[in-house]
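User: I should like to learn how to read the features of a structural model. Could we begin with a contact between chains and then turn inward?

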Amino acid sequence: MTRFNLASRLKISHLLFYSHLLLVMWLVFTMSYNRYNSEWSTRISHAVELARAVSNPIVDLVSLSASGRNYTNIRLNNALALYASSDRLLFFTVQAQSDFSEHEYSFAWSRELGDAFRTNLTFEDRLAQQIEIEALEQRLNTAGSDDVKLNFLLNRGKELLQRIEEDMGHTKQYCPQFKRITAIDDYYLDEDNAQLLLKQDLRNVAGGEIILSFDATPLLNVKSDIQFQLLKEASLAFLFSLLLIIWATRRIVKPLKNIALQMNRDVKDIDFTGEPEIERKDELGVVVRSLDSLAKKVQLQIVELEKRSAIDSLTGLGSRFLYESVKADFVAQTRRQGKYLGFLICDLDNFKAFNDMYGHPEGDRVLRRAGLTVQSALKRDTDGAYRLGGEEFIVLLQTQSAEDIQQIAVQLCAQLEGLEIEHLGNPGHLVLTLSIGVVCAKGVDLDSNVSMDQIYELADKALYRAKDSGRNAINVVHWKNGKEVINE
Amino acid sequence: MRFRLPKIMAVACISSLSLTAFAASIASYPADWRDWPVVGESMVPGRDVVLPEETPLFIQEAVAAYNWINDGQGTKLTTHVHPDKIEQYKTHGPYSDGITVVGVYEKPGVVFVTEHLSGKPIYGTYDVNGKDISSTHPTFEPQYCESCHNTYQDICINGTCSVPVIDLFK
């Protein structure tokens with residue numbers, strides 16, 4: 001019974017606890033995840049918008065330059081200032097097609113370098129420039145009137161050569177870094193290198209694209225901020241839910257446990273009065289109230305059944321019910337048989353003290369042994385022993401002589417004392433003892449209007465006297481023609 | 001050589017190159033440009049004219065650069081090519097030495113000169129009397145001319161700006 005209740009309690013509490021925990025975990029997780037996603041994507045699109053806004057004027061300038069393959073525009077001071085105006089922009093590369101020829105147009109800019117440079121120059125380009133310079137120098141050597149113009153062109157040529165060489169050097173130095181930029185679609189957040197790559201189409205007719213790399217460190221910082229914030233909120237929500245679950249679980253399981261404990265007790269002892277559950281307005285309250293009324297009904301029925309039972313359930317002696325049914329006949333029967341009637345009220349001495357000292361369960365055990373002892377003293381079919389309640393037994397005897405009755409009483413006392421059941425609350429004896437009030441009556445002396453209750457009364461008085469005389473004693477009353485003769 | 005560079009211009013050029021104290025034309029002024037064949041006539045639209053969207057970006061820029069001329073009213077632009085260089089002009093060079101082409105803004109009379117030397121273009125801006133006016137406006141400076149003619153390598157091949165001109169020959 002106990003184990004079953006315990007198991008079911010655990011099952012319910014675990015079921016409630018884990019199912020809700022799982023539910024809460026799932027809810028918190030999905031909500032946090034969704035919030036994280038939306039928050040993060042908002043931040044990203046914001047960053048992308050910002051990057052786009054930064055890149056738009058650059059796209060305008062580059063598109064125009066790409067259209068006619070202009071490499072001068074894009075490295076004028078105001079162009080460089082434009083690129084550098086947003087400190088998030090780290091570098092960009094341009095790959096485009098001229099609107100007017102098959103030539104491709106490509107250059108790059110790097111914040112680190114602080115300059116733009118062509119990225120498609122070859123050794124042939126350099127060689128061609130060198131040859132041009134040589135040609136101009138040769139012409140200058142053959143003196144003529146165009147020296148000023150030739151010098152002008154020579155300077156321009158040398159500047160251009162220097163530029164070509166510088167650009168080739170920069171391409172070698174910076175472009176491996178740009179190679180990381182593979183085909184991207186609109187934008188790409190490269191978390192490993194903390195950069196946001198944005199691809200924009202150029203607006204020239206033949207088309208082209210610019211890929212810009214922005215510093216994504218602030219964005220990534222925001223990301224970890226969001227993560228931390230959400231983690232904080234999620235754990236708070238989780239903790240709160242956990243407490244709620246524990247509270248709810250306990251509110252259901254604890255009453256169940258209480259009910260189980262109550263139901264576990266002997267049916268006679270089940271009592272829900274005073275339990276908080278009985279006041280509950282919910283289903284559990286209904287259950288507890290039904291159980292309470294069921295227990296009360298059962299208890300009443302048990303009392304009723306016990307009353308009607310012939311056997312005293314504790315001692316196995318005859319019950320009060322049986323006593324009541326035999327007592328009427330007993331006097332008449334004794335008279336008819338011409339025998340002596342013996343009426344013994346046996347009472348365990350200081351038994352209340354025993355119960356107080358050793359507890360009721362021990363008291364019940366002792367009562368059972370006392371009952372067995374009393375039972376064993378009975379030899380004849382007509383003899384009967386009854387427990388009317390408490391520690392009081394009644395023994396009814398039909399004997400040949402009054403001495404027999406007395407003898408049995410003495411034997412009863414001796415046998416009980418002989419059990420040597422410790423009873424420290426029984427002064428002078430320190431073991432369990434018995435006092436007996438005895439009524440002896442000759443059958444013929446009992447006329448028909450003598451009732452068992454009268455005899456009972458006499459015996460009870462005798463018992464009182466026996467107790468008075470120091471307990472573990474017998475007091476005998478002889479019944480003679482309606483008169484009692486007291487005989488110690 | 002049909003055109004000679006005046007001595008005074010040479011001095012001006014040197015100072016412009018070395019000191020850039022003020023701008024001066026590099027190309028010389030061809031006094032006889034009025035006798036050269038006209039290969040193109042077009043209108044520089046006024047400041048208020050909105051160009052059609054499909055106009056090449058470069059042309060839009062060129063128009064925007066010079067629509068201030070004639071007080072933003074727009075004017076006629078006539079292109080004269082040196083009689084010996086018409087074939088070279090058709091193919092965008094290679095150009096022989098000497099003044100190649102002039103672009104003349106009718107009002108208020110500005111002559112843009114493109115000359116070639118050793119195959120390379122040089123530029124100058126004069127009024128119709130041959131006076132160097134390149135220092136009178138930033139967009140008249142030779143360096144500014146280069147920002148289109150030399151840098152838009154696919155439009156102005158060898159220093160002459162192809163698209164609209166070539167179209168005229170078709």
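Analyst: We may begin with a single ion pair in this predicted model. Lys120(B) and Glu132(A) form a salt bridge, with their closest N and O atoms 2.9 Å apart.

User: How many salt bridges does the rule find across the interface of chain A and chain B?

Analyst: A salt bridge is accepted when a side-chain nitrogen of Lys or Arg lies within 4 Å of a carboxyl oxygen of Asp or Glu. By that rule, four are found between chain A and chain B. Polar contacts are counted separately: five residue pairs, both at pLDDT 80 or more, are in polar contact between the two chains.

User: Which elements give two or more residues to the side of chain A that touches chain B?

Analyst: They are H1, helix H3 (123-141) and helix H4 (147-178) of chain A. H4(A) gives the most to this side, namely six residues.

User: How is the size of such an interface expressed, and what area is buried between chain A and chain B?

Analyst: The size of an interface is often given as the accessible area lost when the parts come together. Here chain A and chain B bury about 2,400 Å² between them, and carbon and sulfur atoms give 62% of that area. In chain A, the residues that lose the most area to chain B are Phe100(A), Lys149(A) and Phe152(A), which together make up 28% of what that side buries. The contact draws 27 residues from chain A and 29 residues from chain B.

User: Turning inward, which residues have the most contacts inside the largest nonpolar core?

Analyst: A core of this kind is built from buried nonpolar residues, where buried means under 20% relative accessible area. The largest one has 37 residues, and Tyr83(A), Phe92(A), Val94(A), Phe107(A) and Ile210(A) have the most contacts inside it. Helix H1 (2-67), strand E1 (89-97) and helix H5 (217-264) of chain A are among the elements that each supply at least two of its residues. H1(A) provides the largest share, 11 residues.

User: What does Phe92(A) touch, leaving aside residues up to four places away in sequence?

Analyst: Its partners include Ile58(A), Tyr83(A), Phe107(A), Trp109(A) and Ile210(A). A second, separate core has 32 residues, including Ala370(A), Leu378(A), Leu432(A) and Val476(A).

User: Finally, do strands E4 and E5 of chain A run parallel or antiparallel?

Analyst: Strand E4 (residues 187-190) and strand E5 (residues 195-201) of chain A run antiparallel and are joined by four bridges. Asp190(A) stands opposite Gln195(A) in E5(A). The two strands form a hairpin with four residues between them, and Ala194(A) in the turn has a positive phi of about 50 degrees.

Key. Residues are numbered from 1 along each chain as its sequence is written. Chains are lettered from A and ligands numbered from 1 in the order in which they are written. This is a predicted model: local features need pLDDT of at least 70, side-chain atom pairs count only at pLDDT 80 or more; totals for chains, interfaces and linings use all residues. Side-chain values use heavy atoms; hydrogens and water are left out. Two strands pair if DSSP finds at least two bridges between them. A nonpolar core is a set of buried Ala, Val, Leu, Ile, Met, Phe, Trp, Tyr and Cys residues joined through side-chain atoms within 4.5 Å. Buried means under 20% relative accessible area, exposed over 50%, partly exposed in between (1.4 Å probe, protein chains only). Contact means heavy atoms within 4.5 Å. Buried area is the accessible area (1.4 Å probe) that two parts lose on being put together, summed over both. A polar contact is a pair of N or O atoms within 3.5 Å; within protein, one must be able to donate a hydrogen and the other to accept it, and residues adjacent in sequence count only if both atoms are side-chain atoms.
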